[in-house]
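Trainee: Could we take a close look at one part, the place around the ligand? I'd like to know what surrounds it, and then hear how you'd look at the rest.

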Amino acid sequence: MRYFVPLGTTLEVWQLTLTNQRAQAVDLSIFSLVEFCLWDAMDDATNFQRNYSIGEVEVADGIIYHKSEYRERRNHFAYLACSQPPAGFDTDRETFLGAYRGLDSPLAVERGSLSNSIAHGWQPIGAMHIRMHLEAGEQQTIIFLLGYHENPEEAKFDPPETQLVNKRTVLPIIQKYLQVESVQAAFNRLQEYWCSLLGRFQVNTPDIHTNRMVNIWNVYQLMATFNFSRSASYFESGIGRGMGFRDSNQDLLGFMHLLPERTRERILDLAATQLPSGGAYHQYQPLTRRGNNEVGSGFNDDPLWLVLSVCAYIAETGDWSILDQPVAYDNLPGSEESLYGHLQRSLQYTLDRLGPHGLPLIGRADWNDCLNLNCFSGSPGQSFQTTTNKDGKVAESVFIAGLFIRSALDMAKLVEKREGEPAAEYYLQAAKQLEKAVWEAGWDGAWFRRAYDDFGDPVGSTECLEGQIYIEPQGMCVMAGLGVMDGRARVALDSVADRLATPHGILLHQPGYTRYYLNLGEISSYPPGYKENGSVFCHTNPWIMIAEAMLGNGARAHDYYLRINPSNREEMSEVHRCEPYVYAQMIAGREAPTYGEAKNSWLTGTAAWNYVAITQWILGIRPGLDGLHIDPCIPPEWDGFSAERTYQGSRLHITVHNPEHVSWGVVRLEKDGIPVEGNVIRVDAESKEHQVEAWMGK
Ligand code: GLC
Ligand code: GLC
């Protein structure tokens with residue numbers, strides 16, 4: 001359990017309960033081991049000439065303190081403590097392991113005793129040996145604490161004239177959490193916290209994998225992506241790349257019903273890194289909240305995601321006041337404008353950057369970071385993210401056109417409410433203008449094209465040798481409503497089903513690029529079937545699920561949902577090879593030798609979008625500016641389902657009946673037994689509990 005306590009302390013607690021079920025007493029040895037790092041993950045792994053000489057520890061009263069660099073500019077240290085007095089300890093790695101040995105066979109464990117070694121340099125560890133005697137039937141609980149603690153600058157040492165760590169500030173915390181009762185109370189608080197978060201939306205459907213992910217694991221992953229974005233992570237390298245503007249706005253789409261206040265704060269933080277042009281830094285650093293210059297800007301889709309997250313936030317919370325909140329540009333004091341003004345600039349940014357076909361210029365890249373149409377990188381190791389050789393006046397993105405239309409239609413609703421219909425007309429017209437450009441230059445006959453490259457040639461077209469069809473514009477353009485009325489959306493989605501859908505999910509594009517294309521960039525740097533070169537890039541799959549749901553095809557939407565659902569993939573774990581409860585960024589595609597193998601779990605936009613697809617579009621419980629829509633699009637064999645949801649302070653108990661086994665269409669809706677016109681449930685601040693009942697039918 002990880003537990004955060006105020007006072008600049010972080011604790012990780014392991015609680016171990018052992019029961020002796022034998023008829024006679026036993027003596028046990030328990031060894032615990034932590035590896036200390038020197039506070040800077042990157043420096044730790046590279047700067048050996050310095051780091052191997054600075055490691056320092058103290059051991060006092062059975063507690064190990066790791067205090068490298070504490071003697072100079074740091075005021076923090078780590079510690080390992082145990083509720084039982086240790087029989088021995090080690091802090092010197094080699095003493096513990098033995099020469100030429102690894103963590104798989106430490107000499108000290110083999111021997112059964114530690115040496116009380118004190119590390120001087122190298123890579124300090126914290127190892128403890130606990131001896132335990134258990135009578136027949138006896139049970140004992142033992143607690144280990146791994147902690148981080150900060151001391152006030154002026155009280156670092158105790159006694160002050162020494163170099164010894166001042167432990168007075170941390171000892172009360174250690175003593176408290178070495179008590180079983182305190183640990184249990186902390187566990188209980190944590191459990192209550194999660195129960196209340198998870199309780200905000202619970203469903204009961206005929207499908208166990210849907211229930212498992214929606215009720216628990218997908219939500220847990222949403223919290224991880226909210227907290228870490230793609231930044232510092234507790235898996236893989238531990239070194240990330242800041243909070244992405246695009247990524248964090250999308251992460252919010254699934255998260256906002258859990259913690260609306262933190263969502264509001266995050267939206268304002270993100271908006272404050274927007275540039276006066278309406279563009280955005282691609283990332284910002286979570287601690288300084290400043291834009292990250294090294295990664296730069298000019299990813300032309302970035303600002304539009306802010307429009308989506310703000311509209312979704314208002315639909316979830318009804319908090320229109322956020323639009324009036326003054327927010328700076330590039331964090332510059334004095335540059336504040338209302339968030340509403342930020343959104344206007346976001347959309348204007350696209351309109352000010354249209355290319356030869358009237359489609360949005362792509363800039364450095366759009367959602368697909370690796371489709372680098374202005375980069376032309378020929379130097380090994382050069383960053384595709386920061387190199388731009390072209391001024392970028394030719395390459396255009398059909399995907400951004402779809403995203404723009406979708407955002408402009410949402411924005412029009414905000415504007416209409418604030419300024420009236422005539423003002424909203426500006427965005428409706430802009431959406432029409434871009435839609436026209438898509439039909440003229442972005443439609444390939446049976447699907448939407450992806451882009452135009454710097455030579456003005458189409459990407460994602462039958463005219464191309466490789467990369468003929470891409471998933472992103474099919475999802476986003478249909479989500480923007482394109483072709484929904486005239487059948488072309490259906491044609492595009494059938495092309496997806498024919499050419500991109502596989503049993504392991506829907507591929508990013510086909511065929512994958514078999515060689516490196518200077519004019520396409522990083523996408524073709526990956527071997528076919530991996531990452532952006534034609535893997536199942538899971539983030540995009542829910543866009544197709546949503547699009548299918550918008551067209552009423554519940555069977556297909558839910559089938560696609562199950563193909564990448566980690567719980568559903570558990571049965572083929574030997575192929576999937578990834579946690580069966582958490583979404584991964586990608587699943588290797590059809591052209592990859594490891595077809596079906598998932599990679600890079602946890603920190604991916606897949607979490608938010610799948611949650612949106614299943615809860616809002618397939619189960620169809622969808623917040624809108626006018627209330628909560630009840631509009632399920634489910635597999636026809638389902639008899640129905642039920643859900644509990646907290647919405648704008650009210651608690652809704654929702655039951656959906658599907659007696660005629662249709663896939664889509666609510667024919668009757670009741671709130672507290674009273675028929676409701678249409679399929680929107682409105683709540684008011686006063687009444688807190690409601691029964692909602694919906695009947696689907698022909
Ligand atoms: C990674 C990035 C995300 C990008 C995606 C596709 O997931 O974090 O911003 O959209 O790759 O390139
Ligand atoms: C690499 C990855 C891509 C990610 C990008 C972020 O290009 O392939 O998924 O979005 O790095 O910088």
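Mentor: Sure! A polar contact here is a pair of N or O atoms within 3.5 Å. Keep in mind that this is a predicted model.

Let's start with the full ring of neighbours. Ligand 1 is surrounded by Arg-230, Arg-241, Arg-246, Asp-247, Trp-367, Asn-368, Asp-369, Glu-532, Phe-537 and Gln-585. Now use that cut-off. In the case of Arg-246, an N or O atom of the side chain sits 2.8 Å from an oxygen of ligand 1, so the pair is within 3.5 Å and counts as a polar contact. Glu-532 also uses its side chain, with an N or O atom 2.5 Å from an oxygen atom of the ligand. Asp-369 does it through its backbone: a polar atom there is 3.0 Å from an oxygen atom of ligand 1.

Okay, let's step away from the ligand and look at rings. There are 28 aromatic pairs in the structure. One of them joins Phe-48 and Tyr-52, with 5.1 Å between the centres and 25° between the planes, and it is stacked. Phe-48 counts as partly exposed because its relative accessibility is 36%, and Tyr-52 gets the same label because its value is 27%.

Compare that with Trp-439 and Trp-443: their planes are at 70° and their ring centres 5.5 Å apart, so this pair is edge-to-face. Trp-439 counts as buried because its relative accessibility is 18%, and Trp-443 does too, because it has 15%.

Ring pairs can also chain together: Tyr-193, Trp-194, Trp-217, Tyr-220, Tyr-581 and Trp-602 are linked into a cluster. Some rings have an arginine over the face instead. Arg-266 does this with Phe-226, 4.0 Å from the ring centre, and Arg-622 with Trp-617, at 3.8 Å.

Last stop, the inside. In soluble globular proteins, nonpolar side chains tend to be buried together. Here the largest nonpolar core has 141 residues, and those touching the most other members are Trp-305, Leu-323, Phe-404, Met-411, Phe-448 and Tyr-561. Helix α12, residues 398–419, gives the most to this core, with twelve residues. Take Tyr-561 up close: leaving out residues up to four places away in sequence, its contacts include His-209, Met-213, Tyr-583 and Ile-618. There's also a second, separate core of 19 residues, with Val-13, Val-170, Tyr-177 and Val-183 among them.

Methods
Residues are numbered from 1 along each chain as its sequence is written. Chains are lettered from A and ligands numbered from 1 in the order in which they are written. This is a predicted model: local features need pLDDT of at least 70, side-chain atom pairs count only at pLDDT 80 or more; totals for chains, interfaces and linings use all residues. Side-chain values use heavy atoms; hydrogens and water are left out. A nonpolar core is a set of buried Ala, Val, Leu, Ile, Met, Phe, Trp, Tyr and Cys residues joined through side-chain atoms within 4.5 Å. Buried means under 20% relative accessible area, exposed over 50%, partly exposed in between (1.4 Å probe, protein chains only). Helices (H or I, at least four residues) and strands (E, at least two) are DSSP runs, numbered from the N terminus. Contact means heavy atoms within 4.5 Å. Rings of Phe, Tyr and Trp (its six-membered ring) pair if their centres lie within 6.5 Å; planes under 30 degrees apart count as stacked, over 60 as edge-to-face and the rest as tilted. A charge sits over a ring if NZ of Lys or CZ of Arg is within 6 Å of the ring centre and within 35 degrees of the ring normal. A residue is near a molecule or strand if one of its heavy atoms lies within 4 Å of it. A polar contact is a pair of N or O atoms within 3.5 Å; within protein, one must be able to donate a hydrogen and the other to accept it, and residues adjacent in sequence count only if both atoms are side-chain atoms.
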